[in-house]
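Got the viewer open? Let's walk through this one a selection at a time.

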Amino acid sequence: MKRALIVAITVCLLLVGSLFAFARTAPGESYAAFADAASGASCCEIVSCGCLGTKCSCFECGGSK
Amino acid sequence: MGGFLAFVLSRATGLSAFAILEAGYLFLSLAGLGLVYGFAMRELAGNPARSRYRLIFLLALPFGLFGARAIPIVQDAILAGRLTLGLFTSGGLVFYGGALAVLAAMAVGCRLSRLSPWPLLDAVCLYAPLGHAFGRLGCFFGGCCFGAPTECLLGVPFPAGSPAFLQHKSQGLLPAGAVASLPVHPSQLYETLGNLLLFAALLFYSRRAAPLSPGRLTTVYLMGYAVLRFTLEYWRGDVIRGVYYGLSASQYVALAVLLTTALVLLRPRKRST
């Protein structure tokens, strides 16, 4: 039990660090390349417009807001 | 952010971006729920009604989904001035609505089964912050629940097409040809860390020498999360969550929960004779 808890918390902290580091260090060219790829399709096809892939109240996903 | 991460990983590895994205969502969405379920059932290991508690836990989950949808539906209906089918079929999920609905459904289920709800609720509330921590990573991955624009070191830009990018674009904050949003507070990660701290505090509190009275852990969790959520909302920047008279919808819910739990904690206890 204690070991499973330690593993879960460690994985969570590693993911926090990895996601934050990725977002901070991704080069501008990658953002530009992604924007190019995304411009060919609607935002709903490329990026989840909200929680867990569902079309949340995103501006261009047909939501009311 | 998940789409962008999958895109970059796909270019580096040759794997399908869609597969990477879906695998990420699947892991993050199931990890939180799985952890709460697994650890709560482990906590109930010595309880003779464990199998009935397990059934109630699983049956309460759809109610949680309904509760998570309820707040956005009400918000959208107020904004639109009418209630339409489209408001039910499209829109977001709110953690607070889901959590309160699932706990209420568990309590009702236990009452109907003539069981005390507190062993189940206390076990679920002890591990809820740990599961929620993973859920907020999913929010960061999806790009929802993003923070307010900031120039500080912690600010992160979200890629083109993300909710943050679309909001900043619609507000005219981005120059023409921008490929990312303004740097924003990673509010999802703040809440992940806040949930882990809340979990550590609850674990410490639950393992102290004197046994806790039934329901105490549930009350303390609801109170602790209300304080955490109310505070963290000040770093949130997504207007879609609804801000009314200076406070967000979740802050009003947090205040109501805080008031209710404070009354429960402060009420005089019945003396056993």
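Start with the crossing of two helices in chain B: α8(B) passes α9(B) in a right-handed crossing. This is a predicted model, by the way, so treat everything on the tour as computed. To find the pair, select residues 187–206 of chain B for helix α8 and residues 216–232 of chain B for helix α9. Their axes come within 10 Å and cross at roughly 155°. That angle is over 145, so α8(B) is roughly antiparallel to α9(B).

Now show the side chains where the two helices touch. On the α8(B) side, pick B:Ser187, B:Tyr190, B:Glu191, B:Gly194, B:Leu198, B:Ala201, B:Leu202, B:Tyr205 and B:Ser206. On the α9(B) side, add B:Leu217, B:Val220, B:Tyr221, B:Gly224, B:Tyr225, B:Leu228 and B:Leu232. Try colouring the contact residues by type: you'll get 11 nonpolar, four polar and one charged.

Next, hop over to chain A and select A:Val16. You'll find A:Val16 in helix α1 of chain A, which covers residues 2–25. Is A:Val16 buried or exposed? It counts as buried, because it has 21 C-beta neighbours inside 10 Å, and 20 or more is what it takes. Which residues does A:Val16 contact, once its neighbours within four places in sequence are left aside? Select B:Leu137, B:Leu189, B:Thr192 and B:Leu193 to see them.

While you're here, show the whole of chain A. There are three helices and zero strands in chain A, so to speak a plain α-α-α run from the N terminus on. Of its 65 residues, 34% count as buried.

Last stop: zoom out to the whole of chain B. Colour chain B by secondary structure and you should see 10 helices and two strands. Trace chain B from the N terminus and the elements go α-α-α-α-α-α-α-α-α-β-β-α. The radius of gyration of chain B is 20 Å, close to the 19 Å that the globule rule gives for 273 residues, so chain B is as compact as a globular protein of that length.

If your viewer can draw a box along the principal axes, the C-alpha atoms of chain B fill one of roughly 75 × 45 × 40 Å. Colour chain B by burial, too: buried residues make up 48% of its 273 residues. And if you draw the contacts in chain B with a separation of 6 or more, 68% of them are between residues 24 or more positions apart.

Notes. Residues numbered from 1 in each chain as written. Chains lettered and ligands numbered in written order. Predicted model: local features only at pLDDT ≥ 70, side-chain atom pairs only at ≥ 80, totals over all residues. Axes fitted to C-alpha atoms, helices over the stretch in contact; angles between N-to-C directions. Helix = DSSP H or I, 4+ residues; strand = E, 2+ residues; numbered from the N terminus. Parallel < 35°, antiparallel > 145°, perpendicular 65-115°, else oblique. Left-handed = near helix turned anticlockwise from the far one by under 90°. Contact = placed C-beta atoms within 7 Å. Nonpolar A, V, L, I, M, F, W, Y, C, P; charged D, E, K, R; others polar. Buried ≥ 20, exposed ≤ 12 C-beta atoms within 10 Å, placed from the backbone. Rg over C-alpha atoms; globule rule 2.2 N^0.38 Å.
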